[in-house]
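User: Could you walk me through this protein structure? I'm just starting out, so plain words would help.

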Amino acid sequence: MRPIGIFGGTFDPIHYGHLRTALELKSLLELEKVHLVPCADPPHRTAPMTDAPLRLRMVAAAVAGEPGFVADDRELKRAGVSYTIDTLASFRAELPGRSLCLLLGMDAFLGLPQWHRWRELTELAHIVVAHRPGWSAPSTGTLGDLLRECRAPNVAALAAQLAGLVHVQPVTQLEISSTDLRDSLRAGRDPKFLVPDSVREIIIETECYAESL
Ligand code: ATP
């Protein structure tokens with residue numbers, strides 16, 4: 001059975017950096033599905049500009065009609081702060097015999113030691129780290145050790161065991177971030193070709209980042 005990818009994020013808004021990375025990881029790791037999981041109440045950052053249902057709506061619009069992509073609302077259904085460990089536990093309860101891959105950009109991976117119960121993440125899933133412009137893999141410290149000790153020998157190993165490995169995967173580098181997008185929207189600039197048209201339409205219709213683009 002092929003692994004399931006779990007790609008969490010604030011997605012405020014979702015953009016082609018997220019989507020292209022998810023697509024390449026799906027293909028390179030032969031994932032059966034990628035669940036895009038908007039974070040309802042992020043513990044590690046300031047509150048998102050848009051509410052969770054709207055961010056979920058943009059994610060759903062971005063992947064509508066794309067086979068193998070799921071806009072996953074489980075963090076919106078859970079009360080309290082959205083911890084990834086709880087999200088992985090919920091996937092594990094649903095899919096006890098399935099390899100799970102938590103998909104992260106390198107910037108997110110570097111912040112992992114600040115995450116709630118982060119050391120338990122690899123008991124529930126593999127961690128797959130996508131290259132991201134401006135960030136490189138750690139060679140020292142706790143994460144350097146984790147990479148040395150748990151590095152997957154190859155991609156096939158991610159399907160052969162349920163959890164516990166770390167894999168770093170080069171992907172096409174797209175220097176897009178939600179922060180830059182929000183700044184540019186506030187400055188009145190059009191996000192065309194940085195986000196899917198369906199997401200752009202929601203941004204324009206709801207005026208969630210800026211009035212009258
Ligand atoms: P913000 O600028 O608001 O922090 P972001 O663009 O970094 O947002 P998030 O929703 O915080 O997006 O990120 C979700 C996940 O997607 C993280 O694991 C992050 O590393 C990854 N990611 C974000 N942008 C890219 C990109 N351009 N290429 C590859 N991965 C990305």
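Below, a student asks about this structure and an analyst replies.

User: Before we start, what sort of model is this, and what pLDDT do local features need?

Analyst: This is a predicted model in which side-chain atom pairs count only at pLDDT 80 or more, totals for chains, interfaces and linings use all residues, and local features need pLDDT of at least 70. Residues are numbered from 1 along each chain as its sequence is written, and side-chain values use heavy atoms, with hydrogens and water left out.

User: OK, let's go inside. Which element gives the most residues to the largest nonpolar core?

Analyst: A nonpolar core is a set of buried Ala, Val, Leu, Ile, Met, Phe, Trp, Tyr and Cys residues joined through side-chain atoms within 4.5 Å. Buried means under 20% relative accessible area, exposed means over 50%, and partly exposed is in between, using a 1.4 Å probe and protein chains only. The largest core has 35 residues, and Ile-14, Leu-36, Met-58 and Leu-103 touch the most other members. Elements giving two or more residues to this core include α1 (16-28), β2 (33-38) and β4 (100-105), but the top giver, with six residues, is α2.

User: What counts as an element, and which residues does Ile-14 touch?

Analyst: Helices (H or I, at least four residues) and strands (E, at least two) are DSSP runs, numbered from the N terminus. Contact means heavy atoms within 4.5 Å. Leaving out residues up to four places away in sequence, Ile-14 touches Leu-19, Leu-36, Met-58, Val-59, Ala-62, Val-195 and Val-199.

User: How many residues are in the second core?

Analyst: This other core is separate, and its members include Leu-104, Phe-109, Leu-124 and Leu-143. Its residue count is 25.

User: Why do the buried residues of α7 sit on the same side?

Analyst: Helix α7 covers residues 141-150, and its buried residues are Leu-143, Gly-144, Leu-146, Leu-147 and Cys-150. An α-helix has 3.6 residues a turn, so residues three or four places apart point the same way. The arc is that of the directions from the helix axis to the C-beta atoms. The buried residues of α7 end up on the same side because they cover an arc of only 160 degrees.

User: What do those buried residues pack against, and which exposed residues are on the face turned away?

Analyst: The buried residues of α7 pack against α5 (106-110) and β6 (166-169). Turned away from that buried side is a face with two exposed residues, Arg-148 and Glu-149.

User: Now helix α4: which residues are exposed on its other side?

Analyst: In α4 (residues 84-94), Ile-85, Thr-87, Leu-88, Phe-91 and Arg-92 are buried. They fall within an arc of 160 degrees, so they line one face of α4. The cover over these buried residues includes β1 (4-9), α3 (74-77) and α6 (121-124). On the other side, the exposed ones are Ala-93 and Glu-94.

User: How far is the sulfur of Cys-39 from the nearest cysteine sulfur?

Analyst: A disulfide is a pair of cysteine sulfur atoms within 2.5 Å, and this structure holds zero of them. Cys-39 is buried, at 10% relative accessible area, and Cys-208 is buried too, at 16%. The nearest cysteine sulfur to that of Cys-39 belongs to Cys-208, at a distance of 17 Å.

User: How many residues surround the ligand?

Analyst: A residue is near a molecule if one of its heavy atoms lies within 4 Å of it. The closest ones are His-18, Asp-107, Leu-174, Ser-178 and Thr-179, and the full number is 21.

User: And which side chain has a polar atom 2.5 Å from a ligand oxygen?

Analyst: For contacts with the ligand, a polar contact is a pair of N or O atoms within 3.5 Å. A backbone N or O atom of Phe-11 is 3.0 Å from a ligand oxygen, and a polar backbone atom of Ser-178 is 2.7 Å from one. The side chain at 2.5 Å belongs to Asp-107.

User: Where is the cis peptide bond?

Analyst: Look in the loop between β1 and α1, where Pro-13 lies. The cis bond has omega near 5 degrees and runs from Asp-12 to Pro-13.

User: Last one: is Phe-193 buried or exposed?

Analyst: Phe-193 is in the loop between α9 and α10. Its phi is positive, about 70 degrees, although it is not a glycine. With 65% relative accessibility, Phe-193 counts as exposed.

Technical notes: A polar contact is a pair of N or O atoms within 3.5 Å; within protein, one must be able to donate a hydrogen and the other to accept it, and residues adjacent in sequence count only if both atoms are side-chain atoms.
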